[in-house]
Amino acid sequence: GKKVMETVDLQIISQGAEARIYEGMFQGRPMIVKERFPKQYRHPILDQRINSNRFRAESRTMFRARQSGIEAPILYHLDPATTRIFMEKIQGISLKQHIYDHPLTIESEGTLSEKLGILLAKLHDNDIIHGDLTTSNILVRDVDEELVLIDFGLSYVSELCEDKAVDLYVLERAFLSTHPNTDDLFEKILDVYKNQSAGSDPVLNRLSTVRARGRKKVAFG
């Protein structure tokens, strides 16, 4: 209950613009706690409303992802009063680090595109938009090398092709900027997505529009 969580010994491990991340133990298991904090520059009532909406959206989409068969941290406890989410700590490294440590081969590229394509298809077929898909927000779990999706801080539920296409575009940009020469890999990921996702056709059509918009933005600032 509430008292249990108050006595948990927490170590702060990072502070971003939106939240502080703590590490601790929950009933003998490693745990992460994400806490949204008040923004001094926002009106207190507005600030609380934004934080509490984001807190609800994040915990809801995490729960929805797990119910949809997507690997994501288990939710241990939610504390709306302090907008803290207590969740499982995934033992593993980021996909970004994994790719740096193990340069891709034809075989590992095939495995990765298969896993990632399936993950993205499950996500979008359940109308979950992650909102911040990067190779830092996908972990490779130590025990089984499964891909685990983390940081649902910008996630929401939507059935719009536009939103799903932008989600894919964000990941594509992240791939190409963080991991040069992965154009082929990303095309393979999209092939798997196309085969696995029931609603992929309109999403992939929209993706080319989104890409064209992105290029225009780059060209014209």
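These notebook entries record what I looked up in the structure, which is a predicted model.

**Entry 1. Helix 2**

I began with helix 2, which covers residues 44-67 and has 24 residues. From its first C-alpha to its last it reaches 34 Å, close to the 34 Å expected at 1.5 Å a residue. I then listed its buried residues: D47, N51, F55, A57, E58, S59, T61, M62 and A65. I recalled that an α-helix has 3.6 residues a turn, so residues three or four places apart point the same way. Against which strands do the buried residues of helix 2 pack? I found strand 3 (29-36), strand 4 (75-79), strand 5 (84-88), strand 7 (128-129) and strand 10 (156-157). Just after the helix, I noted that G69 takes a positive phi of about 85 degrees.

**Entry 2. Strand 3 and its partners**

I turned next to strand 3, where six of the eight residues are buried. Strand 3 pairs with strand 2 (residues 19-26) in the antiparallel sense, over eight bridges. Within this pairing, I saw that V33 of strand 3 is the bridge partner of Y22. The hairpin of these two strands has two residues between them, and Q27 takes a positive phi near 45 degrees there. Strand 3 is also joined to strand 5 by five bridges, and these two strands run antiparallel. Here K34 stands opposite I85 of strand 5.

**Entry 3. R84**

I looked up R84, which lies in strand 5. Is R84 buried or exposed? Its relative accessible area is 19%, and the limit for buried is under 20%, so R84 counts as buried. The side chain of R84 makes a polar contact with the side chain of E35, at 3.2 Å. Leaving aside neighbours within four places in sequence, I found R84 in contact with several residues, among them L10, Y22, V33, F55 and H77.

**Entry 4. Salt bridges**

My search of the whole structure gave 18 salt bridges. As background, side chains of opposite charge can pair when their charged atoms come close. I examined R36 and E18, whose side chains meet in a salt bridge of 3.7 Å, N to O. R36 lies in strand 3 and E18 in the loop between strand 1 (11-15) and strand 2, so the pair ties together parts that are 18 residues apart in sequence. R36 is buried at 7% relative accessibility, whereas E18 is partly exposed at 37%.

R36 also forms a salt bridge with E58, with the closest N and O atoms 3.1 Å apart. This pair links strand 3 to helix 2, across 22 residues. E58 is buried, at 2% relative accessibility. Which residues are linked with E18, R36 and E58 in a network of salt bridges? They are K34, K39 and D151.

I added one further pair, E187 and R211, whose closest N and O atoms are 3.4 Å apart. E187 belongs to helix 6 (residues 183-196) and R211 to helix 7 (residues 200-220), so this salt bridge ties together parts 24 residues apart in sequence. E187 is partly exposed, at 39% relative accessibility.

**Entry 5. Nonpolar cores**

Last, I looked up the nonpolar cores. The largest has 38 residues, and L95, L116 and F175 have the most contacts inside it. Helix 4 (residues 106-125) gives the most to this core, with six residues. A second, separate core has eight residues, including L10, Y22, F26 and Y76.

Terms used: Residues numbered from 1 in each chain as written. Predicted model: local features only at pLDDT ≥ 70, side-chain atom pairs only at ≥ 80, totals over all residues. Heavy atoms only, no water. Helix = DSSP H or I, 4+ residues; strand = E, 2+ residues; numbered from the N terminus. Expected span 1.5 Å × (residues − 1). Buried < 20%, exposed > 50% of the residue type's maximum accessible area, 1.4 Å probe, protein only. Contact = heavy atoms within 4.5 Å. Pairing = 2+ DSSP bridges. Core = buried A, V, L, I, M, F, W, Y, C linked by side-chain atoms within 4.5 Å. Polar contact = N/O pair within 3.5 Å; in protein donor to acceptor, adjacent residues only side chain to side chain. Salt bridge = Lys/Arg side-chain N within 4 Å of Asp/Glu carboxyl O.
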